[in-house]
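Let's take a walk through this model together, one element at a time. Keep the structure open beside you as you read.

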Amino acid sequence: MLEAIGEAEQAAALGEVPVGCVIVVGGSIVGRGGNRRESAADPTAHAEILAIRQAARAVGGWRLEGSTLYVTQEPCPMCAGALVNARIERLVFGCDNPKAGAVKTLYTIPTDTRLNHRMEVTGGVLAAECGALLTQFFERLRRGGRAVECT
């Protein structure tokens, strides 16, 4: 999760909402991503989607069986669906996503028995640290400041 937090911090440095993700297969990171919706002008450029794309290239196929995805915030419906489609084996997330969470908060996509794939889910890992990144980011925006305070 610390690697995912690092990805979130990099996203924040670019003025993006600080969500980060890594995908591990066989003890090695095969995919990384941080939100890039603003900088890429792409509504699908969520951390999870970018990490899944990179991991699929690394393993040479779209099935990411045997993988664990670590992400700093509970995935949204788009990302939760992508995890199912990519055959992620295990999802580990940091803080809940009260406005768009599709793992346990609003929906339960990764464990929905109606879908063709389900995964093990562990939530709340380093939740305080993950949540603090988001809270600080949005507090700066509400104060009318920049989302990123460059040093």
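**A guided tour from the last helix inward**

Helix α5 has 16 residues, and from its first C-alpha to its last it reaches 22 Å, close to the 22 Å expected at 1.5 Å a residue. Please keep in mind along the way that this is a predicted model. The buried residues of α5 are C130, G131, L133, L134, F137 and R140, and these pack against α1, β3 and β4. Just after α5 you will find G144, which takes a positive phi of about 85°.

One of those partners, α1, is a good place to go next. Helix α1 covers residues 2-13; its 12 residues reach 17 Å from first C-alpha to last, close to the 16 Å expected at 1.5 Å a residue. Which residues of α1 are buried? They are A4, I5, E7, A8, A11 and A12. Because these residues cover an arc of only 155° around the axis, they lie on the same side of α1. Their packing partners are β1, β2, β3 and α5. As with α5, a glycine with positive phi comes after the helix: α1 is followed by G15, whose phi is near 85°.

Now for the sheet. It is open, with 5 strands in the order β2-β1-β3-β4-β5 and mixed pairing. Why do β2 (28-34) and β5 (120-122) each have one side without a neighbour in the sheet? Both stand at the edges and have a single partner strand, so one side of each is left free of a neighbour there. On average, neighbouring strands of this sheet are turned by 15° against each other, direction ignored. Helix α3 (residues 47-59) packs on the sheet, where it touches β1, β2 and β3 (67-73); the direction of α3 makes about 145° with that of β2.

Let's zoom in on the edge pair. Strand β1, residues 20-25, pairs with β2 in the antiparallel sense over 6 bridges. Within this pairing, V22 has R32 of β2 as its bridge partner, while I23 stands opposite G31 in β2. The two strands form a hairpin with 2 residues between them, and G26 in the turn has a positive phi of about 60°.

I23 also leads us to the interior. In soluble globular proteins, nonpolar side chains tend to be buried together. Here the largest nonpolar core has 36 residues, of which I23, I52, L69 and L91 touch the most other members. The elements that give two or more residues to this core are α1, β1, α3, β3, α4, β4 and α5. For a closer look at one of its members, try L69: leaving aside residues up to four places away in sequence, L69 touches C21, V22, I23, E48, I52, L83, I88, R90, L91 and V92.

Two loop residues round off the tour. Most residues other than glycine have a negative phi, and most peptide bonds are trans. A41 has a positive phi near 50° and lies in the loop between α2 (37-40) and α3. R87 has a positive phi as well, near 65°, and is found in the loop between α4 (77-85) and β4 (90-95). Are these two residues buried or exposed? A41 counts as exposed because its relative accessibility is 69%, over the 50% cut-off. R87 is buried, with a relative accessible area of 19%, which is under the 20% limit.

Key. Residues are numbered from 1 along each chain as its sequence is written. This is a predicted model: local features need pLDDT of at least 70, side-chain atom pairs count only at pLDDT 80 or more; totals for chains, interfaces and linings use all residues. Side-chain values use heavy atoms; hydrogens and water are left out. Two strands pair if DSSP finds at least two bridges between them. Helices (H or I, at least four residues) and strands (E, at least two) are DSSP runs, numbered from the N terminus. Axes are lines fitted to C-alpha atoms, for helices over the stretch in contact, and angles run from 0 to 180 degrees between N-to-C directions. Contact means heavy atoms within 4.5 Å. The expected span of a helix is 1.5 Å times one less than its number of residues. Buried means under 20% relative accessible area, exposed over 50%, partly exposed in between (1.4 Å probe, protein chains only). The arc is that of the directions from the helix axis to the C-beta atoms. A nonpolar core is a set of buried Ala, Val, Leu, Ile, Met, Phe, Trp, Tyr and Cys residues joined through side-chain atoms within 4.5 Å.
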